[in-house]
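Colleague: Could you take a close look at the pockets in this one for me? I'd like to know what lines them.

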Amino acid sequence: AQTAVNYIAAARQFFNWLRDSGRWKEPRGFERIFRVNRRALLTNRERKQAAQGVDTFSVAELGKLWAAANEQNRLFFCLGLNCGFAQMEIATLRTWEIALEADPKCVSRHRRKTEVYGKWALWSVTGDLLARRLKRTPENAEDYALLTRNGHPYVRYRENVRTDAIAQAWRRLVEKADVSRLGFKYLRKTGADMIRKIDGLETSEAYLAHSEKTLARVYSNRDFDRLAVALRTMEEQLKEAFAL
C-alpha cells in the first residue's frame, strides 16, 4: 500500500511540475485522478494490525533494553525516545543543532523527511551522554555530531547499498535483552504514544515534527515549551520504571 501511495505521489508531482512550468494544461477533474483511499489498499492482515493500534514498546521492555545497553546504545536509545529520532536523524545530527549550554539543554533542527522545524528539550541523561560522546567526535566536513570509530556516518550509502550501523546494533541489543523484535523506529512510535497520552495530539505532532495540514501552520508557531514540559513528565514516568 505504501509503495502504491509513493508512486502516485511522485506521478502527481511530475504532472504538477509540467503544469507549473507551462508545458502542459491540466484537464478538468485533474485533482481527482490522484485521490487514494489508502485503507482500500490494505490486506486483511494489515487491516487487523491497524485495528489493534500502533505497536509500541512497553515500559517494562524499555527497562530491559536500557539495562542491557552499553553507553553507545543508550545514546541511540535516548535520541530515539527523547527526540523521536530514527536512524537517519541520528546519523545526520549536526554539532550546531545541539545546545548543551542552553536551559534546558535541547536539540533544534529541521527534520530531514518533512523539513519541519522541531525543538526537543533533552533529558539529563541524554545531555550527559551527548556531552561525553561529542568530546570524542573528530572534526569533519559535514559537522556530524556522531561518527563510527572509523569516522563514518552511522547510516551511509556505498554503491547503492545502505549500511545502517544503528539498526545493526539495535538488532543485537533486542536479542540480548530478549524483548519483542520491533525495529529501532518503534522507539519514536513509543515516545509519540507516551507524549500523546501526557498532553494530547498537538504536542505529540510537535514531538514527531509532522507537517501541519491546516492554516495553523501559517498563523501560529508550535508550542515547544509545552512539549518540553511533556518530555519532563515522560522522563519522570520512565525514572519511576527504571533508573533512567
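Modeller: Sure, here is a walk through the pockets, with a quick stop at a cavity. Keep in mind that this is a predicted model. The largest pocket holds about 1,300 Å³ of space. Its lining counts 32 residues, and the ones nearest the centre are Gln2, Val54, Lys185, Lys189 and His210. Three helices each put at least two residues into that lining: H3 (44-52), H6 (87-91) and H9 (186-208). H9 has the largest share, with 10 residues. Sorted by class, the lining of the largest pocket has 14 charged, 10 nonpolar and eight polar residues.

On to the second largest pocket, with a volume of about 640 Å³. Here 28 residues do the lining, and Gln72, Arg133, Thr148, Arg149 and Tyr154 sit closest to the centre. Two or more lining residues come from each of H5, helix H7 (124-134), strand S4 (155-158) and helix H8 (165-177). H8 gives the most, six residues. The class split for the second largest pocket is 11 nonpolar, nine polar and eight charged.

As for enclosed space, the count is one cavity of 30 Å³ or more, and the largest cavity has about 30 Å³ in it. Its lining is made up of Cys83, Gly84, Phe85, Glu89, Arg111, Trp120, Arg188, Leu208 and Ala209. Those lining residues split into five nonpolar, three charged and one polar.

Conventions: Residues are numbered from 1 along each chain as its sequence is written. This is a predicted model: local features need pLDDT of at least 70, side-chain atom pairs count only at pLDDT 80 or more; totals for chains, interfaces and linings use all residues. Side-chain values use heavy atoms; hydrogens and water are left out. On a 1 Å grid over the protein atoms alone, a cavity is a set of points where a 1.4 Å probe fits but cannot get out, and a pocket is an open set with protein on both sides within 12 Å along at least five of seven lines; lining residues have an atom within 4 Å of a point. Grid points are joined across faces, edges and corners, and a volume is the space filled by probe spheres set on the points. Ala, Val, Leu, Ile, Met, Phe, Trp, Tyr, Cys and Pro count as nonpolar, Asp, Glu, Lys and Arg as charged, and the others, Gly among them, as polar. Helices (H or I, at least four residues) and strands (E, at least two) are DSSP runs, numbered from the N terminus.
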